[in-house]
Amino acid sequence: MCARACWRCTRRTANLEPEVMEEGFVRNSVVVPEKACNFFGNAFGGYLMSLVDVCGCAAPWTLGKYVVTQTCDVHFIRGVMLGEHVFIEARDVRTGRTSSIADVRIVDEQGNVRLTATVTMHIGR
């Protein structure tokens with residue numbers, strides 16, 4: 001049940017296309033839309049952060065944990081451009097009684113890392 005809900009959530013949020021969903025790991029893809037870019041064709045950092053947030057929370061959801069983001073440490077390594085097809089991968093690295101931590105990265109089709117993040121989440125129930 002939780003996995004099905006997670007698939008639906010990632011699909012309708014930010015036009016993400018779910019690709020892989022395993023226990024503690026999710027991989028989604030998206031083609032960066034025009035509305036998510038500035039005048040120069042670069043994706044807004046806030047747009048990329050929203051992808052990190054959704055996918056970071058999806059990793060513990062696959063373990064049956066309902067979470068909300070507490071903190072997010074993001075490292076922008078290389079820009080993401082309009083129309084680019086990127087993959088957002090999130091892996092649950094620690095789940096405790098009240099919190100969960102996921103490592104997230106955004107990579108391009110060639111496997112080049114564009115962004116890394118660590119998301120700390122509060123477990124709600």
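In the predicted model, strands β1 and β2 run antiparallel and are joined by five bridges. Within this pairing, E17 has S29 of β2 as its bridge partner. Both strands belong to an open sheet of six strands, in which the order is β1-β2-β4-β5-β6-β3 and the pairing is antiparallel. The edges of the sheet are formed by β1 (17-22) and β3 (67-76), each of which has a single partner strand, so that one side of each remains without a neighbour in the sheet. When direction is ignored, neighbouring strands of this sheet are turned against each other by 20 degrees on average.

Helix α2 packs on the sheet, where it touches β2, β3, β4, β5 and β6, and its direction makes about 130 degrees with that of β3. The helix also takes part in the largest nonpolar core, which comprises 31 residues, and within which V32, Y47, L48 and I88 touch the most other members. Two or more residues of this core are given by each of β2 (25-31), α2 (45-61), β4 (85-95), β5 (99-108) and β6 (113-123). Of these contributions, that of α2 is the greatest, with ten residues.

With regard to aromatic side chains, a search of the whole structure finds zero aromatic pairs. An aromatic ring is nevertheless engaged by a charged group, as the charged end of R27 sits over the ring of F87, at 4.2 Å from its centre.

Note on methods:
Residues numbered from 1 in each chain as written. Predicted model: local features only at pLDDT ≥ 70, side-chain atom pairs only at ≥ 80, totals over all residues. Heavy atoms only, no water. Core = buried A, V, L, I, M, F, W, Y, C linked by side-chain atoms within 4.5 Å. Buried < 20%, exposed > 50% of the residue type's maximum accessible area, 1.4 Å probe, protein only. Helix = DSSP H or I, 4+ residues; strand = E, 2+ residues; numbered from the N terminus. Phe/Tyr/Trp six-rings, centres within 6.5 Å; stacked < 30°, edge-to-face > 60°. Lys NZ or Arg CZ within 6 Å of the ring centre and 35° of its normal. Pairing = 2+ DSSP bridges. Axes fitted to C-alpha atoms, helices over the stretch in contact; angles between N-to-C directions. Contact = heavy atoms within 4.5 Å.
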